[in-house]
Amino acid sequence: MVGSKSDRPWLLLRLLAVLLVAASGSAAPVAAAAAAADEAAFDENYAVQWGADGYHLVIRGTEANITMDQSSGAGFRSKFMYGSVFFHMRMKLPSSYTAGVVTTFYLISQPEDGSRDEVDFEFLGDKAGVPVSLQTNVFVNGRGDREQRLHLWFDPAADFHDYKILWNPYQLVMFVDDTPIRVLRNLTATVPGYPFPARQTMLIRASVWDGSGWATAGGRTKVDWSQGPFTAGYRGFGVSGCANNGSATPCGSPDLWWNGGDYRNITAEQRAAYEGVKKNYMNYD
């Protein structure tokens with residue numbers, strides 16, 4: 001999707017914000033983590049959840065493809081639960097007509113019941129020529145109803161892009177490439193009952209599935225199986241996180257770089273980029 005002339009000042013602002021962040025020392029751990037994630041093989045940190053038939057989920061070292069057709073989709077999950085983390089996943093979405101197709105990357109506690117915590121990236125497909133909607137949602141103790149939707153400033157089916165979640169004791173930030181698109185501060189210490197996902201560990205899941213009942217035009221536009229199969233690509237299988245596997249370092253420790261001072265608030269440049277996203281691209285809150 002090519003931005004209009006009215007978008008150009010915002011695009012220049014976003015580029016400036018990225019350059020300013022990259023120029024600071026705080027960008028170094030993120031850059032190193034991203035490089036490690038790109039080099040990691042799938043089976044270092046992930047396992048197949050469903051669709052393991054050699055077609056619906058195909059794993060080739062540092063890349064995995066999920067294909068959905070009328071018989072099935074597929075999904076995978078991390079091997080460990082995490083208590084704090086800077087997750088990183090590179091994704092390329094199915095292209096052309098994708099109405100009803102839901103492509104996901106998300107965090108979720110276990111068991112996946114009415115008391116779960118969950119943080120969602122959900123890409124909702126649409127008819128050919130209509131932009132995909134990116135829906136984010138946050139569940140705390142089973143309660144969600146916090147959906148936000150936006151149209152991206154690029155075509156997410158044309159190439160791989162970074163989708164990241166910073167989750168630590170101070171904040172939850174969701175990024176598209178280096179741009180924050182959702183920010184939630186942890187106010188539980190000062191606001192009793194504030195809904196922040198701080199109590200439960202979570203694992204990483206990804207999947208492609210049939211959301212005909214709700215994903216496109218409120219469920220009025222269904223999956224057209226004659227347009228399939230629908231294939232999404234995933235890369236970036238390294239995980240910078242505190243695994244709940246007997247580690248001696250508490251997941252809230254400031255010794256973990258993603259809990260350090262540079263990651264307890266977004267910067268002024270990131271805040272400006274975030275406000276630009278809300279103003280120019282968000283269409284449902």
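## Strand 12 and P180

Strands here are DSSP runs of E that hold at least two residues, numbered from the N terminus, and in this predicted model one such run, strand 12 (residues 179–185), contains P180. Because buried means under 20% relative accessible area, P180, with a relative accessibility of 0%, counts as buried.

P180 also has a partner that is distant in sequence: V277 is 97 residues away along the chain, yet the C-alpha atoms of P180 and V277 are separated by 8.1 Å.

## Helix 4

V277 belongs to helix 4, where it is buried together with Q270, A273, Y274 and G276. These buried residues cover an arc of only 155° around the axis, and therefore they lie on the same side of helix 4. An α-helix has 3.6 residues a turn, so residues three or four places apart point the same way. On the face of helix 4 that is turned away from the buried side, the exposed residues A268 and K279 are found.

The length of the helix can be checked against its residue count. Helix 4 comprises 13 residues (residues 268–280), which at 1.5 Å a residue should span 18 Å, and the C-alpha atoms at its ends are indeed 18 Å apart, in agreement with that expectation.

## Strand 7 and its neighbours

Strand 7 (residues 118–124) has seven of its seven residues buried, so this strand is largely enclosed by the rest of the structure. The burial applies to both of its sides: E118, D120, E122 and L124 point one way from the strand, while V119, F121 and F123 point the other way, and all are buried.

Strand 7 is paired with strand 6 (residues 101–108) in the antiparallel sense, over seven bridges, and within strand 7 it is V119 that stands opposite L107. Strand 7 also runs antiparallel to strand 8 (residues 133–139), to which it is joined by seven bridges; here E122 of strand 7 stands opposite Q135 in strand 8.

## The second largest pocket

The second largest pocket holds about 240 Å³ of space. Its lining is made up of 18 residues, and those that lie nearest the centre of the pocket are V130, P131, V132, D155 and P156. By residue class, the lining of this pocket divides into 11 nonpolar, four polar and three charged residues.

Notes
Residues numbered from 1 in each chain as written. Predicted model: local features only at pLDDT ≥ 70, side-chain atom pairs only at ≥ 80, totals over all residues. Heavy atoms only, no water. Buried < 20%, exposed > 50% of the residue type's maximum accessible area, 1.4 Å probe, protein only. Helix = DSSP H or I, 4+ residues; strand = E, 2+ residues; numbered from the N terminus. Pairing = 2+ DSSP bridges. 1 Å grid on protein atoms, 1.4 Å probe; cavity = no way out; pocket = protein on both sides within 12 Å on 5 of 7 lines; lining within 4 Å. Points joined across faces, edges and corners; volume = space filled by probe spheres on them. Nonpolar A, V, L, I, M, F, W, Y, C, P; charged D, E, K, R; others polar. Expected span 1.5 Å × (residues − 1). Arc of directions from axis to C-beta.
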